[in-house]
Amino acid sequence: MTAFEELMEFQHETEALGQVAGRLGWDQETVMPRGAAAQRAEEIGALESVLHARRTDPRIGDWLAAIDDGRLDPVGAAKLRHIRRTYARATRLPEKLSAELARVTSRAQGIWAEARAADDMAHFLPVLEQVVRLKRQEAAALADGGDPYDALMDDFEPGATAAETGAMFRRMRDRLVMLRERIMGAGRGPAPLRGNFSEVGQLALAQQVAEHFGYDFRHGRLDKSVHPFTSGGGADVRITTRVVETEPFNCLYSTIHEVGHGCYEQNIDPAYALTPLGNGVSMGVHESQSRIYENQLGRSRPFTGWLFGRMNDVFGDAGAPDADAFHAAVNRVHSGFIRTEADEVHYNLHIMMRFDLERQLIGGSLEVADLEEAWNARFEHDFGVAVDRPSNGVLQDVHWSVGLFGYFPTYALGNVYAGCLNLALRAAVPDLDDQLARGHTEGATAWLKEHVQRHGGLYRPREVIERACGFAPNEGPLLDYLDAKFGALYGV
Ligand code: ZN
């Protein structure tokens, strides 16, 4: 066997073990008996140390040194690019730092949950200070003299830089704040849905909608969890949802969102399964798929018209007088505190603020002790409301407690990519609205599969979007879409 073949065989087994680890996590969030938590932590820990040893195995370095990249075809070269990157990151971190980060963040997550429940930021501060101190060290070790925040972001969005992302966010922020102010000043707001929507009915409709969007239940499942997520890859891609009986959009739109993630994974070229190309290429591109399914397609007037009919079929009463009122309720803009409940207009403002704050934290220009004050000032400026308590502000997200710095911007990047893809998709499928009005999404999903999803990790993240759209990704199409859609809905 050549060095390349040996490396691929080794990698294949690592990928398979990674899938097993993911399935243990899926099980923990869905069907695991309550009393199994402590043992499950041991099981996951044991598997993670096997995976860590494989990812830093010195033989990878030897194989990489022996391979002549110039002689590989594009698929082989892409596989090697992923392995080189992951190996360099894994080996650049001192063992002691990785272990301390794992230990501190697992403790910090529990303390964060307590602090959020008690609305007590002081309880969380000491451990968050430790997390930030360790993440600064990690970023410095990975950055190798470059921007430390870039080094963290690179884990989720390879190739993205803080400078470029920050400049784009600044251009977006002014337009979004203006749009928000126009909407809030319009003096009219659609009514939310009224009624009670049974869990059985919601789950049946969620299943139907998932099938309509092309999610393949022969290679997937839909279960309930506290926070919806997608797990797995290749032939086994599972999604979850949640149900609130008075708020059917919660279940429906988190299902459509996860269906976007799930279809991306299911539609990757099967030849890439259990290789470095066998998963979505970045968090940003992943989020572009979930967002375009959820928003540009799922919250469009034609599709919500079809959904209104299905709601009436299932519940006898969709909770709105007609399809237009239903569409307005789906797209209701409201100045809430919580990111995960935010509408399309507010969502990116949430992300930009977290991006700026965490970039300052990692760069050292903001200290953890001043974080809450900085958060509250920024929130009042961008959202026009004062934060009333920490659980509605700085304590709302789990990310920082588990050390996820550099992850937030990928959510907004996904929205930007979704805006670009929507523009290209509508040019390619001119009768898309007629299809959506009949509940047909095949035209959209076939285009996304062909131009984005099937490639998996073959191209670099920005390159995937640029190849699909025929232009370099930028924030223009998303902002134009938001202006047009919400301008019409609110008459502003
Ligand atoms: Zn998502």
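Where is the place of Gly-439? Gly-439 sits in the loop between α17 (432-437) and α18 (442-451). Please keep in mind as you look around that this is a predicted model. Below is a friendly walk through a zinc site, the cysteines, one helix pair, two aspartates in loops and a few pairs of residues. The zinc ion is held by His-257, His-261 and Glu-287, the disulfide count is 0, and α8 and α14 pack with their axes 9 Å apart.

**The zinc site**

- Three residues coordinate the zinc ion: His-257 and His-261, each through NE2, and Glu-287 through OE. The distances run from 2.1 to 2.3 Å.
- If you would like to find these donors in the sequence, look for the spacing H-x3-H-x25-E along the chain.
- His-261 belongs to helix α10 (residues 248-266) and Glu-287 to helix α11 (residues 283-297), so this pair ties together parts that lie 26 residues apart in sequence.
- His-261 is buried, at a relative accessible area of 11%. Glu-287 is buried as well, with a value of 6%.

**Cysteines**

- How many disulfides does the count come to? The count is 0.
- For Cys-263, the closest cysteine sulfur is that of Cys-251, and at 16 Å this is too far for a bond. Cys-263 is buried, with 1% relative accessibility.
- Cys-420 takes part in no disulfide either, its nearest cysteine sulfur being that of Cys-469, 5.3 Å away. A disulfide here would need the two sulfur atoms within 2.5 Å.
- Cys-420 is buried too, and its relative accessible area is 0%.

**How α8 meets α14**

- Two packed helices are described by the angle between their axes and by the distance between those axes.
- For helix α8 (residues 162-185) and helix α14 (residues 344-363), the angle is about 140 degrees and the axes are 9 Å apart.
- The two helices α8 and α14 are therefore oblique to each other. Angles have to be over 145 degrees to count as roughly antiparallel.
- The crossing in which α8 passes α14 is left-handed.
- What kinds of residues make up the contact of α8 with α14? They divide into 14 nonpolar, 4 polar and 3 charged.

**Two aspartates with positive phi**

- Asp-119 has a phi near 55 degrees, which is a positive value in a residue other than glycine. You will find Asp-119 in the loop between α5 (95-118) and α6 (121-143).
- Asp-119 is partly exposed, with a relative accessible area of 27%.
- Asp-144 also is not a glycine, and its phi is positive at about 55 degrees. The loop that holds Asp-144 runs between α6 and α7 (148-153).
- Is Asp-144 buried or exposed? With 62% relative accessibility, Asp-144 counts as exposed.

**Pairs of residues, in sequence and in space**

- Ala-468 is part of helix α19 (residues 461-469), and it is buried at a relative accessible area of 9%. Its C-alpha is separated by 7.2 Å from that of Leu-421, and the two residues are 47 residues apart along the chain.
- Asn-331 lies in the loop between α13 (323-330) and α14. Asn-331 is buried, with a relative accessible area of 3%.
- From Asn-331 to Leu-489 the C-alpha distance is 8.4 Å, for a pair 158 residues apart in sequence.
- Ala-53 is found in helix α2 (residues 37-55) and is partly exposed, with a relative accessible area of 44%. Between the C-alpha atoms of Ala-53 and Glu-211 there are 40 Å, and along the chain the pair is 158 residues apart.
- Back to Gly-439 from the opening: this loop residue counts as buried, at 1% relative accessibility. How far apart in space are Gly-439 and Ala-140, and what separates them in sequence? They are 50 Å apart, C-alpha to C-alpha, and 299 residues apart in sequence.

Note on methods:
Residues are numbered from 1 along each chain as its sequence is written. This is a predicted model: local features need pLDDT of at least 70, side-chain atom pairs count only at pLDDT 80 or more; totals for chains, interfaces and linings use all residues. Side-chain values use heavy atoms; hydrogens and water are left out. Donors are N, O and S atoms within 2.8 Å of the metal (3.2 Å for Na, K and Ca); water is not among the atoms, so sites may look incomplete. Helices (H or I, at least four residues) and strands (E, at least two) are DSSP runs, numbered from the N terminus. Buried means under 20% relative accessible area, exposed over 50%, partly exposed in between (1.4 Å probe, protein chains only). Axes are lines fitted to C-alpha atoms, for helices over the stretch in contact, and angles run from 0 to 180 degrees between N-to-C directions. Angles under 35 degrees count as roughly parallel, over 145 as roughly antiparallel, 65 to 115 as roughly perpendicular and the rest as oblique. A crossing is left-handed if the near helix is turned anticlockwise from the far one by less than a right angle, and right-handed if clockwise. Ala, Val, Leu, Ile, Met, Phe, Trp, Tyr, Cys and Pro count as nonpolar, Asp, Glu, Lys and Arg as charged, and the others, Gly among them, as polar.
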